[in-house]
Amino acid sequence: MRLIIIRHAQAHCNILEDDALMDAYDPHCELTEAGIGQAVKLRDEYPGSLAPSVIYSSPLKRARETAAIFRERFPSAPFIEDDRLSELKAPESFVPPITQGQWDVYLEQRIRSPHLEIVKGLESLDVQRERIEEFYKDLFGTYAGETCNIVIFTHAFSIQLSILFFLGLGNEQLLQWQIKASNTAMHIIHYDSMSGSFLLESLNNRSHLQTTG
């Protein structure tokens with residue numbers, strides 16, 4: 001089984017200035033024009049040798065929009081949304097509003113104290129890790145022994161936690177090193193269900209974005 005884990009294309013919420021005000025965490029954030037272009041390049045340049053047997057996606061709009069463009073090339077592949085692939089769960093509103101810079105501080109605090117809910121309603125890193133692990137364990141049970149390519153559209157933190165899970169490492173490793181997860185970059189992992197072992201074949205592969213024409 002091969003997993004092709006892809007971060008969504010650039011969305012408006014990815015390019016906010018540090019002093020931009022946020023009155024809520026926006027699950028409905030749409031792709032930018034640049035993000036649409038990234039998704040189109042992914043669709044067009046995605047290697048045919050990795051044609052998806054099934055496509056999974058986070059239900060957040062930026063992931064679904066990226067997946068929808070990708071699926072134009074692979075319309076026959078089954079498509080499944082799974083809430084466990086969402087980015088961190090956050091409060092419906094911030095009262096008073098916070099800046100993008102303060103939000104980034106919260107994210108850093110989640111890494112330093114992964115067991116804590118930094119602010120009320122903000123999912124801890126450990127809880128996010130638990131649902132990510134549950135998703136993969138269910139996935140491996142569903143497709144055990146099959147030769148298949150499973151494409152997964154998700155988010156940066158979810159990708160970080162996925163890689164830690166595959167490597168058998170704890171969340172505290174994020175204090176020492178992190179894996180870059182660029183918009184529409186592919187992380188390709190081979191999973192051997194017989195031995196339960198993982199082979200990381202490619203990380204943050206952005207070759208499709210380097211093409212011209």
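**Exercise 1.** In this predicted model, determine which residues of helix 4 are buried.

*Solution.* Begin by locating helix 4, which covers residues 125-142 and has 18 residues. Next, apply the cut-off, under which a residue is buried when its relative accessible area is under 20%. The residues of helix 4 that are buried are Leu-125, Gln-128, Arg-129, Arg-131, Ile-132, Glu-133, Phe-135, Tyr-136, Leu-139 and Phe-140. Finally, consider the length of helix 4, which reaches 26 Å from its first C-alpha to its last, close to the 26 Å expected at 1.5 Å a residue.

**Exercise 2.** Classify the ring pair of Phe-135 and Tyr-136, and place these two residues in their aromatic surroundings.

*Solution.* The structure holds 17 aromatic pairs. In the pair of Phe-135 and Tyr-136, the ring centres are 5.1 Å apart and the planes stand at 70 degrees, so the pair is edge-to-face, given that planes over 60 degrees apart count as such. Both residues, Phe-135 and Tyr-136, are buried. They also belong to one aromatic cluster, whose other members are Tyr-56, Phe-140, Phe-165, Phe-166, Tyr-191 and Phe-198.

**Exercise 3.** Describe how helix 1 and helix 2 pack, and which residues meet where they do so.

*Solution.* Take the geometry before the residues: helix 1 (residues 33-45) and helix 2 (residues 61-71) pack at an angle of about 40 degrees, their axes being 8 Å apart, and their crossing is right-handed. On the side of helix 1, Ile-36, Ala-39, Val-40, Leu-42 and Arg-43 take part, and they meet Thr-66, Ile-69 and Phe-70 of helix 2. Sorted by character, the residues of this contact comprise six nonpolar, one polar and one charged.

Definitions and conventions. Residues are numbered from 1 along each chain as its sequence is written. This is a predicted model: local features need pLDDT of at least 70, side-chain atom pairs count only at pLDDT 80 or more; totals for chains, interfaces and linings use all residues. Side-chain values use heavy atoms; hydrogens and water are left out. Helices (H or I, at least four residues) and strands (E, at least two) are DSSP runs, numbered from the N terminus. The expected span of a helix is 1.5 Å times one less than its number of residues. Buried means under 20% relative accessible area, exposed over 50%, partly exposed in between (1.4 Å probe, protein chains only). Axes are lines fitted to C-alpha atoms, for helices over the stretch in contact, and angles run from 0 to 180 degrees between N-to-C directions. A crossing is left-handed if the near helix is turned anticlockwise from the far one by less than a right angle, and right-handed if clockwise. Contact means heavy atoms within 4.5 Å. Ala, Val, Leu, Ile, Met, Phe, Trp, Tyr, Cys and Pro count as nonpolar, Asp, Glu, Lys and Arg as charged, and the others, Gly among them, as polar. Rings of Phe, Tyr and Trp (its six-membered ring) pair if their centres lie within 6.5 Å; planes under 30 degrees apart count as stacked, over 60 as edge-to-face and the rest as tilted.
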